[in-house]
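Reader: Take me through the aromatic side chains here, slowly, and then show me what surrounds them. I'd like one connected story rather than a list.

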Number of protein chains: 2
Amino acid sequence: MSELPAKEQAFFEWYNEVLERSGITDKRYPIKGMNVWTPFGQKTSSLLDRLIRSRIEPLLYEEVNFPTLIPETEFRKEGDHIKGFDEQVYWVTHGGRTELDVKLALRPTSETAMYPMFALWVRSHKDLPLRVYQIVSVFRYETKTTRPFIRVREIHFFEGHTAHLDGPRAEEQVRADIGSFDEISRALCLPHLRVRRPDWDKFPGAHYSIAFDLPLGGSKTLQIGTVHYYRDNFARAYGIGYEDAQGNRQLPHQTTYGISERILGAVIALHGDEKGLVLPTIIAPIQVVVIPIMGKEPAEGLVEHAQGLVQALTDAGLRARLDASDERPGAKYYAWELKGVALRIEVGRKELQARTVTLVNRLGVRSTLDVDELVSGVRSALADFDQALWTRGLNALMSRLHRVAPGEKLDPEKVNVIGWCGQEKCGKDVENTAGLSLLGTLEDATHFDGLPSPVCHFCGNSSGAVWALAARPL
Amino acid sequence: MSELPAKEQAFFEWYNEVLERSGITDKRYPIKGMNVWTPFGQKTSSLLDRLIRSRIEPLLYEEVNFPTLIPETEFRKEGDHIKGFDEQVYWVTHGGRTELDVKLALRPTSETAMYPMFALWVRSHKDLPLRVYQIVSVFRYETKTTRPFIRVREIHFFEGHTAHLDGPRAEEQVRADIGSFDEISRALCLPHLRVRRPDWDKFPGAHYSIAFDLPLGGSKTLQIGTVHYYRDNFARAYGIGYEDAQGNRQLPHQTTYGISERILGAVIALHGDEKGLVLPTIIAPIQVVVIPIMGKEPAEGLVEHAQGLVQALTDAGLRARLDASDERPGAKYYAWELKGVALRIEVGRKELQARTVTLVNRLGVRSTLDVDELVSGVRSALADFDQALWTRGLNALMSRLHRVAPGEKLDPEKVNVIGWCGQEKCGKDVENTAGLSLLGTLEDATHFDGLPSPVCHFCGNSSGAVWALAARPL
């Protein structure tokens, strides 16, 4: 089969082609932007769900599942929220041949489904904090170009919703959520930028929104997760109140936390290469493939030996698979590389006799291992592989940023780090001068060494100025 | 709190009340028939999904996830199918303010979503068998009275879909699916009847339908699962074909297999009692609750000891929980019984000193156990509990059946076992004479000792007559 398109030169051609060839999704379903989760894609998605659950449940979130449909009457209660989604909502108008009295929205997100129930569940300060999450499909009638995982019309979505006694406790939750996202993104080897969105770009109904942005090359960025603080905006609209210890009625403060299937798109986009997918081990349906090298006269017992290696790895909790098909070794390497398998184990006559195996990881690093150290050696090779992905990703992130010096022009081919005074007028100047958008202000400068004090790139003011990012969000 | 309504006398009052008090669902969501999966209900449902997966994946089904929406054009391709669902489909007609060119159905089941893709996936005989499943929400605009789990408008649904070279292989799949359902229902302690639906009541588009029916008391039955053989009906409508080894184009034969959240309704309906839920251990979020009996002067170290017991059980993979709250023991017993916890462990001063614990199972059986045998003793008590549920269920099943002797009248308060010649006219006579429905013919007589040769209850013919069931399906 021909080479994949060059990723750096023709990103979306590469992206579409790698998705199709690897079989991680099927976009031939007869509705644009609604794709089929194939067995391979579904396994990857289930592993992602498992990762998210493992980092969410220690924060005492409990899983729930709310109806997919929301009555229009409930949906319209928070004014900013409905305005934000008005153009994007799918509406159910008929049941059978009967026109419904009240139209039903396919949830684009679940605030307006959940909060009428929160109003019933929360009565006393003893009912708080309330922390629930669900992993469900949400729906958005996208009019922009759709892309599998990145911009779709049915979205596989994790959403956490909390309610607290007051603002400080809610903001503590925001910090805990950010901490959990750091763990999730670390496991997926996704270094990213933590950005507070400008007021004009926050989530509809939010008091503020913190987003996680991944630079993808050039000035492109992809939002891969968000945490929002709602203050009491929704509590007010949905009548969620509680009686405090003194018997006074109070409004709880709320937060949400969202991660969509887009994070899989980010993994594919960041790590993939001209050979195909490169999957971090935590979400790889197959982490290790064992290939017996048969040659012209296969060594006796070779396939059984290879099967034994797979068994040992499986018993140790690793996701390993034997490929003893009749294909040439080269064709097998090609096929498993395309699917992003982290580690290939080759074993032929020579290795069988020496009681060793040859390891080749998806980045091309080769090594030899004693069979007696198989499990520990493979574990450590997988950890090294993830570490290498993280480091490579971090280098890519840094190389895509451009710190704009005072007086210097914004680089339309980079993610620009600029000073900003916080005024909307100056923020909007980004769009006028460089065709970029103001992503927001930098919440975390972990990746930056000693940033100086910022000065607004537009008005030159230093009072209140903070570091901000100008880029082209996908 | 007051007693629950008597289950035998007022089944649905009892059912609604036990759901509300136990908190396993919340039906106050503002759309009739769409309920909220609370943390308790969602955990139960996840355990059910896990059970289903564990019995399906050995049959080589692979998990997929298809879009929720189906274009009307695809939906209408199989004539019987659309007729069967015409009155029950929710239709999406608008995206934002835009009227859609093609209306979109919220899937009531996924044949018409999957089979256009099967037509792309299946090309050669080497692509068969194809076996996929998904666990998703499906939607039906029910006009009958809705009941949580039993008849809802958004349904949590497992659906398996297969395609095979020919009919015999497809029917082998039907038998394998039935075998897996036997295992699932055994784990849920649900003895049931296996029934082939009459032609006028089979699944729309099916060649035949085999259903699993649970007698619920009186003449009421509940369908808790189905397996369908489609022959090539859908393959023909959706253009699914393959090239056989000789290069000829053939149509694959298809089957489906479905289990919905209704099976949870069946568990609740069959096993529950006047104290509340009774959950088989495999789907119980909490299997064991440990209650330290504090008394007026709690023994020193009692709570820590109880905590240690919980830890030991948890480490052994059991779902155990400590209740060391300030409530009276009686109030705790009441609360955990309501939630259907299989086993309560009581430990007070006396037990602490004797290094024993008192076990009380949800059916009221008490025993004493040495602490040194805690894990094995609890495991065996849980197995005994499930066995007792199964036996009790089987006794209930048998007591609800009435074998109708020739010339005898049908009992409108039982599930009647009658001879039937197979003619529609005679089958429909059931409805005319007793207000019951013909559920179909008995596929499996495991629960019956030596049934004699049947004679049609209506026309007296013995030629072609088989045993059939007449009841009132919910």
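Author: Start in chain A, where one aromatic cluster takes in Phe66(A), Phe85(A), Tyr115(A), Phe118(A), Trp121(A), Phe203(A), Tyr230(A), Phe234(A) and Tyr238(A). Keep in mind that this is a predicted model. Counting over all chains, the structure holds 42 aromatic pairs.

For a close-up, hop over to chain B and look at Phe12(B) and Tyr15(B). Their ring centres are 6.4 Å apart and the planes meet at 85°; planes over 60 degrees apart count as edge-to-face, so that is the label this pair gets. Both residues belong to helix α1 of chain B, which covers residues 11-22, and they are 3 residues apart, about one turn of the helix. Tyr15(B) has 0% relative accessibility, so it counts as buried.

Now compare that with Tyr115(B) and Phe118(B). This pair is tilted, with 45° between the planes and 5.1 Å from centre to centre. The two sit in helix α5 of chain B (residues 111-121), 3 residues apart, or about one turn of the helix. What about burial? Tyr115(B) is buried at 0% relative accessibility, and Phe118(B) is buried with a relative accessible area of 0%.

Stay on helix α5 of chain B for a moment, since Ala113(B) is found there too. Ala113(B) is buried, again with a relative accessible area of 0%. Which residues does Ala113(B) touch, leaving aside its neighbours within four places in sequence? The contacts are Phe66(B), Ile70(B) and, from the other chain, Tyr29(A). Arg392(B), by contrast, lies 279 residues away from Ala113(B) in sequence, with 41 Å between their C-alpha atoms.

Another spot with aromatic company is Gly258(B), in strand β12 of chain B, residues 253-260. Gly258(B) counts as buried at 7% relative accessibility, given that anything under 20% does. Not counting residues up to four places away in sequence, Gly258(B) touches Phe157(B) and Phe158(B), along with Gly225(B) and Thr226(B). Met398(B), 140 residues along the chain from Gly258(B), is 25 Å away by C-alpha atoms.

Rings also turn up under charges. In chain A, the charged end of Lys103(A) sits over the ring of Trp91(A), 4.6 Å from its centre. In chain B, Lys7(B) lies over the face of Trp14(B), at 5.0 Å from the ring centre.

That first lysine pair leads straight to a sheet. Strand β3 of chain A runs over residues 90-95 and strand β4 of chain A over residues 98-106; the two are antiparallel and joined by 4 bridges. One partnership between them is His94(A) with Glu99(A), the latter in β4(A). These strands belong to an open, antiparallel sheet of 6 strands, in the order β2(A)-β4(A)-β3(A)-β3(B)-β4(B)-β2(B). At its edges are β2 (69-71) of chain A and β2 (69-71) of chain B, each pairing on one side only. From one strand to the next, the twist averages 45°.

Chain B also has an open sheet of 5 strands with mixed pairing, ordered β14-β13-β15-β16-β17. Why are β14 (320-322) and β17 (366-370) of chain B at the edges? Each has a single partner strand, so one side of each is left without a neighbour in the sheet. Neighbouring strands here are turned by 25° against each other on average, ignoring direction. Inside that sheet, β13 (residues 288-292) and β15 (residues 343-347) of chain B run parallel, joined by 5 bridges. Ile291(B) stands opposite Glu346(B) in β15(B).

Helices cover this sheet as well. Helix α10 of chain B, residues 329-338, lies across β13, β14 and β15 of chain B and runs at about 175° to β13(B). Helix α12 of chain B, residues 374-400, packs on the sheet too, touching β13, β15, β16 (356-361) and β17 of chain B, with its direction at about 140° to that of β15(B).

Last, back out to the chain A layout. Its domain assignment gives domain 1 (11-271), domain 2 (286-385) and domain 3 (403-473). The centres of domain 1 and domain 2 of chain A, taken over C-alpha atoms, are 40 Å apart. Between those two, 5 residues of domain 1 of chain A are in contact with 4 residues of domain 2 of chain A.

How values were computed. Residues are numbered from 1 along each chain as its sequence is written. Chains are lettered from A and ligands numbered from 1 in the order in which they are written. This is a predicted model: local features need pLDDT of at least 70, side-chain atom pairs count only at pLDDT 80 or more; totals for chains, interfaces and linings use all residues. Side-chain values use heavy atoms; hydrogens and water are left out. Two strands pair if DSSP finds at least two bridges between them. Axes are lines fitted to C-alpha atoms, for helices over the stretch in contact, and angles run from 0 to 180 degrees between N-to-C directions. Contact means heavy atoms within 4.5 Å. Rings of Phe, Tyr and Trp (its six-membered ring) pair if their centres lie within 6.5 Å; planes under 30 degrees apart count as stacked, over 60 as edge-to-face and the rest as tilted. Buried means under 20% relative accessible area, exposed over 50%, partly exposed in between (1.4 Å probe, protein chains only). A charge sits over a ring if NZ of Lys or CZ of Arg is within 6 Å of the ring centre and within 35 degrees of the ring normal. Domain bounds come from an automatic or database domain assignment.
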